[in-house]
Amino acid sequence: VAVGLRFKAVQYDNKRLRILEHSQQFVEPDWCEKGHAGLVLKGELEIDFQGRKEIFQEGCGLFIPAGEKHKGRPITPVVTLFLVEDL
């Protein structure tokens with residue numbers, strides 16, 4: 001687990017449910033190509049999708065398809081998320 005990142009997770013078959021918190025110390029060095037679906041529980045999440053920035057406010061749902069075309073990097077580190085992910 002990266003510095004500034006903590007989570008609780010449960011896995012079943014090919015799915016994982018996570019409560020995830022990014023703190024001020026978290027820095028994502030790589031572009032994520034994994035798919036994510038979930039909710040912003042607390043705070044605000046700003047993601048850089050290769051130069052296109054999108055903001056997900058507290059209470060908003062998010063769906064990010066997997067793959068190179070949708071890869072992104074969080075640039076707002078203070079947020080709590082609920083995520084459903086394929087393994």
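Q: What share of the area that the chain exposes do carbon and sulfur atoms supply?
A: The model is predicted: local features need pLDDT of at least 70 and side-chain atom pairs count only at pLDDT 80 or more, while totals for chains, interfaces and linings use all residues. Residues are numbered from 1 along each chain as its sequence is written, and side-chain values use heavy atoms, with hydrogens and water left out. Accessible areas come from the Shrake-Rupley method with a 1.4 Å probe, and for residues only the protein chains shown count as cover. The chain exposes about 5,700 Å², and the share supplied by carbon and sulfur atoms is 55%.

Q: What radius of gyration does the chain have?
A: The C-alpha trace spans about 35 × 25 × 25 Å along its principal axes. The radius of gyration is taken over C-alpha atoms, and the globule rule is 2.2 Å times the number of residues to the power 0.38. For 87 residues this rule puts a compact globule near 12 Å. The chain agrees with that expectation, at 12 Å.

Q: What percentage of the residues in the chain is buried?
A: A residue is buried under 20% relative accessible area, exposed over 50%, and partly exposed in between (1.4 Å probe, protein chains only). Among the 87 residues of the chain, the buried ones make up 31%.

Q: How far apart are the centres of the positive and negative side chains?
A: Lys and Arg count as positive and Asp and Glu as negative, while His and the chain ends are not counted. Each charge is placed at NZ of Lys, CZ of Arg, CG of Asp or CD of Glu. There are 12 positive and 13 negative side chains, and the distance between the centres of the two sets is 2 Å.

Q: Which pattern of elements does the chain follow along the sequence?
A: Helices (H or I, at least four residues) and strands (E, at least two) are DSSP runs, numbered from the N terminus. The chain has 0 helices and 8 strands. Read along the sequence, the pattern is β-β-β-β-β-β-β-β.

Q: Which residue of β2 is the bridge partner of Val 10?
A: Two strands pair if DSSP finds at least two bridges between them. β1 and β2 pair in the antiparallel sense over 8 bridges and form a hairpin with 2 residues between them. In this pairing, Val 10 has as its bridge partner Leu 17.

Q: Which residues of β2 point to the face where the side chains are buried?
A: In a regular strand the side chains alternate between the two faces of the sheet. Along β2, Lys 15, Leu 17, Ile 19 and Glu 21 point to one face and are not buried. The buried side chains, on the other face, are those of Arg 16, Arg 18, Leu 20 and His 22.

Q: What is the relative accessible area of Asp 13?
A: Most residues other than glycine have a negative phi. Asp 13, although not a glycine, has a positive phi of about 50 degrees. Asp 13 lies in the loop between β1 (5-12) and β2 (15-22). Asp 13 counts as exposed because its relative accessible area is 66%.

Q: Is Gln 50 buried, partly exposed or exposed, and at what relative accessible area?
A: Gln 50 is placed in the loop between β4 and β5. Its phi is positive, near 50 degrees, in a residue other than glycine. Gln 50 is partly exposed, at 44%.

Q: What distance separates the C-alpha atoms of Ala 9 and Phe 82?
A: Ala 9 lies in strand β1 and is partly exposed, at 42% relative accessibility. Contact means heavy atoms within 4.5 Å; leaving aside neighbours within four places in sequence, Ala 9 is in contact with Arg 16, Leu 17 and Arg 18. Ala 9 and Phe 82 are 73 residues apart along the chain, and the separation of their C-alpha atoms is 9.8 Å.

Q: Which residue of β8 stands opposite Gly 43?
A: Strand β8 (residues 79-86) is joined to β2 by 8 bridges in an antiparallel arrangement, with Leu 20 opposite Leu 81. β3 and β8 also run antiparallel, joined by 6 bridges. Opposite Gly 43 in β8 stands Val 79.

Q: Which residue of β6 stands opposite Leu 39?
A: Strand β3 (residues 36-43) pairs with strand β6 (residues 61-64) in the antiparallel sense over 4 bridges. The residue opposite Leu 39 is Gly 61.

Q: Which strands stand at the edges of the open sheet of 3 strands?
A: The open sheet has the order β5-β4-β7, with antiparallel pairing. Each edge strand has a single partner strand, so one side of each is left without a neighbour in the sheet. The edge strands are β5 (52-56) and β7 (73-74).

Q: Which residue of β7 stands opposite Asp 48?
A: Strand β4 (residues 45-49) and β7 run antiparallel and are joined by 2 bridges. Opposite Asp 48 stands Arg 73.
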